[in-house]
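Trainee: I would like a close look at one part of this model, the packing of the helices. Please set it in the context of the rest once that part is done.

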Amino acid sequence: MAEPAARRAQWSAAAVARFKPLLFIAGLLPFARWFWLGFNDGLTANPIEFLTRSSGTWALVCLLVTLSITPLRRLLRQPALVRLRRPCGLFAFFYGALHFVAWVWWDRGLDVGAMLQDVWERPFITAGFAAFVCMTALALTSTQWAIRKLGRRWQTLHRLVYLIGILAIVHLWWHKSGKNDFEQPLIYGAILAVLLGWRLALRLK
Amino acid sequence: MLIRKPRHEPASSEITPEAVWQSRREWMARAAMAAAAAGLPAWASRSAFAQSGAELPGRPNPAYSVMDKPTEWKDVTTYNNYYEFGVDKDEPAKYADKLQTRPWTVSVEGEVLRPQTFDIDTLLKLAPLEDRVYRLRCVEGWSMVIPWVGYSLSTLLKQVEPTGNAKYVEFTTVEQRENMPGLRYPVLEWPYVEALRLDEAMHPLALLVFGLYGKVLPNQNGAPMRLAVPWKYGFKSAKSIVRIRLVERQPTSSWMQAAANEYGFYANVNPDVPHPRWSQATERRIGEGGFFTPKRKTLLFNGYADQVASLYQGMDLVANY
């Protein structure tokens, strides 16, 4: 009796896809919020710093949401949720790219030499930069065409997302270590640890 | 008949007429209610606080003022590093209204002939107050231009007559456990301690600050008395000072204690000596331009090299960061 009931409750891929517009709007809310704050004098005395940090935070949040799709699919027994994974990942890349541009443009003034010096000399930037390079590779290979073309290697390549998660936390941790202010890296790091730990436990079982 | 004025009564010109006082109260209440209705209680307390700034005029001192455009009052008073109230820059403005700035005494002690404990109101009258517009460069890579009100630190130090043994001056910030929520976190070793070499402290640019923009110093900016040492990174300018001690050996500042490889004793502004985690070659001037304004080039000694470079003649500025 339980079997057919469970099957009946299962969402179809088409049904899940209907949520995509809603997801799209939700993903753009942080972006819209910046404009709202901008027009309402809410970007603090240092808007550039605020936007740089905010874009980084939302990149990390979107990344963690992306990483939670697979556990959710298993726990809710709704495999069709996988259809939401790519848009979430692409939103992580969108905010990550804005975060990267903020650094390149606002902080380094488009000076390639200054950028390279930063990446070479400052470990927290090395970590963030590495995460962004990996994210770019995943975003570029996120198309249906790339999935077909890469075959089994696609999955291997996209396991980089775990490394990206770790690099992002390291980046935030080192950034905040100057003020011994570990509240944010601890919270985000704990969420990442649960998401990766769940996968590891599944594998060891 | 000789009429003596009671000593503690303020001059009648200093008393706010009741009608004015009343209308201010009403304005503040209205503003607070409107803000509370909008769900912004933090803004309400901050705004009310901004309105309460009492006048503290000084005489302009153009010899010690830069021509740069001063940073807006709102930015100067809402974007602060004052970790005793929290590490986020908006936290001092949110929580500093709890700081008790009266009664307030400052003990000046150590290697001096005449150690004394000064009442803050005595210190306010120790010398004529001056308006000086200084650049402020934060070690984090941003800068402001601030019209301070105060007088040279040397004025106070001369009062206590440093002995021949006095080589350094150490400043200690107040530690009000009840009123400073940031003290609960071990970000730094409390109380906050900073120090200068005696000749740095005696330099006329080293300013003892009581006000800002012709008003009494807001709590989040280090009331009732702080330092402004414009050629050094901002953290050298200790806030809400309760003790000044003259000593023979170089003191260890709170930041040296926390991360000696990142923060040295001198902390002179220097574009060629990077912080281990970021470059110091450029800075973002708060409130200047739009999103496409490039950062400014940071100047050696924050642009005060003509006045202070001689203090460091022959010294290796990279080793003595």
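Mentor: What follows goes through three helix pairs and then turns to the other chain, the cores and some backbone details.

The model is a predicted one, and local features are taken up where pLDDT is at least 70.

Start with helix 10 of chain A, residues 160–176, and its packing against helix 11 of chain A, residues 183–204. Their axes lie 9 Å apart, at an angle of about 165 degrees. Because angles over 145 degrees count as roughly antiparallel, helix 10 of chain A is roughly antiparallel to helix 11 of chain A. The crossing of helix 10 of chain A and helix 11 of chain A is left-handed. On the side of helix 10 of chain A, the residues that meet helix 11 of chain A are A:Tyr162, A:Gly165, A:Ile169, A:Leu172, A:Trp173 and A:Lys176. Helix 11 of chain A answers with A:Gln184, A:Pro185, A:Tyr188, A:Gly189, A:Leu192 and A:Leu196. Sorted by class, this contact of helix 10 of chain A with helix 11 of chain A has eight nonpolar, three polar and one charged residues.

Helix 10 of chain A also packs with helix 7 of chain A, residues 123–140. Here the axes come within 8 Å and cross at roughly 155 degrees, which means that helix 7 of chain A is roughly antiparallel to helix 10 of chain A. Helix 7 of chain A passes helix 10 of chain A in a left-handed crossing. From helix 7 of chain A, the residues in this contact include A:Phe124, A:Ala127, A:Ala131, A:Cys134 and A:Leu138. Among those they meet in helix 10 of chain A are A:Leu160, A:Ile164, A:Leu167, A:His171 and A:Trp174. The contact of helix 7 of chain A with helix 10 of chain A divides into 17 nonpolar, three polar and no charged residues.

Helix 11 of chain A has a contact with helix 4 of chain A, residues 47–76, as well. The two axes come within 10 Å and cross at roughly 25 degrees. That angle makes helix 4 of chain A roughly parallel to helix 11 of chain A. The crossing of helix 4 of chain A with helix 11 of chain A is left-handed. Helix 4 of chain A brings A:Leu60, A:Leu64, A:Leu67, A:Ser68 and A:Pro71 to this contact, and helix 11 of chain A brings A:Tyr188, A:Ile191, A:Leu192, A:Leu195 and A:Trp198. By class, the contact of helix 4 of chain A with helix 11 of chain A has nine nonpolar, one polar and no charged residues. A:Tyr188 and A:Leu192 thus appear in the contact with helix 4 of chain A and in the contact with helix 10 of chain A.

Now to the rest of the model. Chain B has nine helices and 13 strands. Of its 321 residues, 37% are buried. Among contacts in chain B with a separation of 6 or more, 69% are between residues 24 or more positions apart. Chain B touches chain A through 16 residues, in contact with eleven residues of chain A. The side of chain B that touches chain A has nine nonpolar, two polar and five charged residues.

The largest nonpolar core has 67 residues, and B:Val209 and B:Leu227 have the most contacts inside it. Strand 5 of chain B, residues 142–152, gives the most to this core, with seven residues. Apart from it lies another core, of 33 residues, among them A:Trp58, A:Leu98, A:Phe132 and A:Leu167. Beyond its neighbours within four places in sequence, B:Val209 is in contact with residues including B:Trp148, B:Leu217, B:Met225 and B:Leu227.

Some backbone details remain. Most residues other than glycine have a negative phi, and most peptide bonds are trans. A:Leu110 has a phi near 60 degrees, and its place is the loop between helix 5 (85–107) and helix 6 (112–121) of chain A. A:Leu110 counts as exposed because it has 11 C-beta neighbours inside 10 Å. B:Tyr213 has a phi near 55 degrees, in the loop between strand 8 (207–212) and strand 9 (215–216) of chain B. With 19 other C-beta atoms within 10 Å, B:Tyr213 is partly exposed. A cis peptide bond joins B:Arg102 to B:Pro103, with omega about -5 degrees. Another cis bond, between B:Trp190 and B:Pro191, also has omega about -5 degrees.

Note on methods:
Residues are numbered from 1 along each chain as its sequence is written. Chains are lettered from A and ligands numbered from 1 in the order in which they are written. This is a predicted model: local features need pLDDT of at least 70, side-chain atom pairs count only at pLDDT 80 or more; totals for chains, interfaces and linings use all residues. Two residues are in contact if their C-beta atoms, placed from the backbone, lie within 7 Å. Ala, Val, Leu, Ile, Met, Phe, Trp, Tyr, Cys and Pro count as nonpolar, Asp, Glu, Lys and Arg as charged, and the others, Gly among them, as polar. Helices (H or I, at least four residues) and strands (E, at least two) are DSSP runs, numbered from the N terminus. A residue is buried if 20 or more other C-beta atoms lie within 10 Å of its own, exposed if 12 or fewer, and partly exposed in between; C-beta atoms are placed from the backbone. Axes are lines fitted to C-alpha atoms, for helices over the stretch in contact, and angles run from 0 to 180 degrees between N-to-C directions. Angles under 35 degrees count as roughly parallel, over 145 as roughly antiparallel, 65 to 115 as roughly perpendicular and the rest as oblique. A crossing is left-handed if the near helix is turned anticlockwise from the far one by less than a right angle, and right-handed if clockwise. A nonpolar core is a set of buried Ala, Val, Leu, Ile, Met, Phe, Trp, Tyr and Cys residues joined through C-beta atoms within 7 Å.
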